[in-house]
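User: I would like to learn how to read the backbone and the overall fold of a model. Could you take me through it step by step?

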Amino acid sequence: MEDFIVLKNVLKPEDIDHLKGIKELLKNDPESHKPRASNGKRENNVYNITNKTVYHEDLIFEWLDNFVPWDREVYEYWGVNFYDLQNPYALHSDGNDTRRAFYQGIIPLSVEPSNKDAYTIIFDQTADTNVEWIAPIYGKPDDYVPFYNKGIRDPRYFGGWSDEYKIPDEQGYMHWGSKWDTTFREAYKGFSIKYEYKWEVGDIFFFDSKFTHCATELLEKGIHQKTGLLFCLNRK
Ligand SMILES: [Fe+2]
């Protein structure tokens, strides 16, 4: 099984517009549109297709099937969501089921402003289920419960973790700006970068669901928001 697959420039502008149109349909539907992770003036919004109301999930499954590079007998959709991201997600994994978790796909729809570089970082370290790394430096209270994933406070939970600083400072500053010094050098101690996917509209990026991953800093990198369609595949 390949760790990553990048389909370069497979989506045309009309494909991107098609997806953005679906996101707009979902926007006013309270069953689909879930504001999340508000942080002062910046907030994340999730538009869920698999909770389907105004747009039927089968339509997006069929559309995505045109691009997914495996036989339809092999996989099924586990979740399809649009994200407007203003606060980056820290290290986590989304694989819901060890036996069935397969690949995740990211379809970048926009980076605002478009001349800025947004990345999804894939780490070497793995996790069996959907978890969020609650680094000690985050200073979360003991009863803190993440919005969705299960909070993990012991780094030894993650496959391949070992107690060293593994991410070079140069990469750290590139992706996290000054937050590398204040937070992330320490928060990501023991984790190493396997792959940096730079968001390019037109691409579809797939990665094995076992890998932990994160979004890089947005505000400090001059990015107001990035918007993408994210989907999870399970083995049938
Ligand atoms: Fe994720």
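Analyst: Let us begin with the inventory of elements: in this predicted model, the secondary structure of the protein comes to four helices and twelve strands.

User: What radius of gyration does the protein have, and what would a compact globule have?

Analyst: The protein has 17 Å, which agrees with the value near 18 Å for a compact globule, given its 236 residues. Along the principal axes, the C-alpha atoms fill a box of roughly 45 × 40 × 35 Å, and buried residues make up 34% of the 236 residues. Among contacts between residues at least 6 apart in sequence, 80% join residues at least 24 apart.

User: Which peptide bond is cis?

Analyst: Most residues other than glycine have a negative phi, and most peptide bonds are trans. Here the bond from Glu112 to Pro113 is cis, with omega near -5°, and Pro113 is placed in the loop between strand 5 (101–112) and strand 6 (119–126). As for phi, Asn9 is not a glycine, yet has a positive value of about 55°; Asn9 belongs to the loop between strand 1 (4–7) and helix 1 (13–27).

User: Why does Asn9 count as exposed?

Analyst: The idea is to count C-beta neighbours, and a residue with 12 or fewer within 10 Å is exposed. Asn9 has 11 C-beta neighbours inside 10 Å and therefore counts as exposed. Tyr157, in the loop between strand 8 (150–152) and helix 3 (169–176), counts as partly exposed because it has 15 such neighbours inside 10 Å.

Note on methods
Residues numbered from 1 in each chain as written. Predicted model: local features only at pLDDT ≥ 70, side-chain atom pairs only at ≥ 80, totals over all residues. Helix = DSSP H or I, 4+ residues; strand = E, 2+ residues; numbered from the N terminus. Buried ≥ 20, exposed ≤ 12 C-beta atoms within 10 Å, placed from the backbone. Rg over C-alpha atoms; globule rule 2.2 N^0.38 Å. Contact = placed C-beta atoms within 7 Å.
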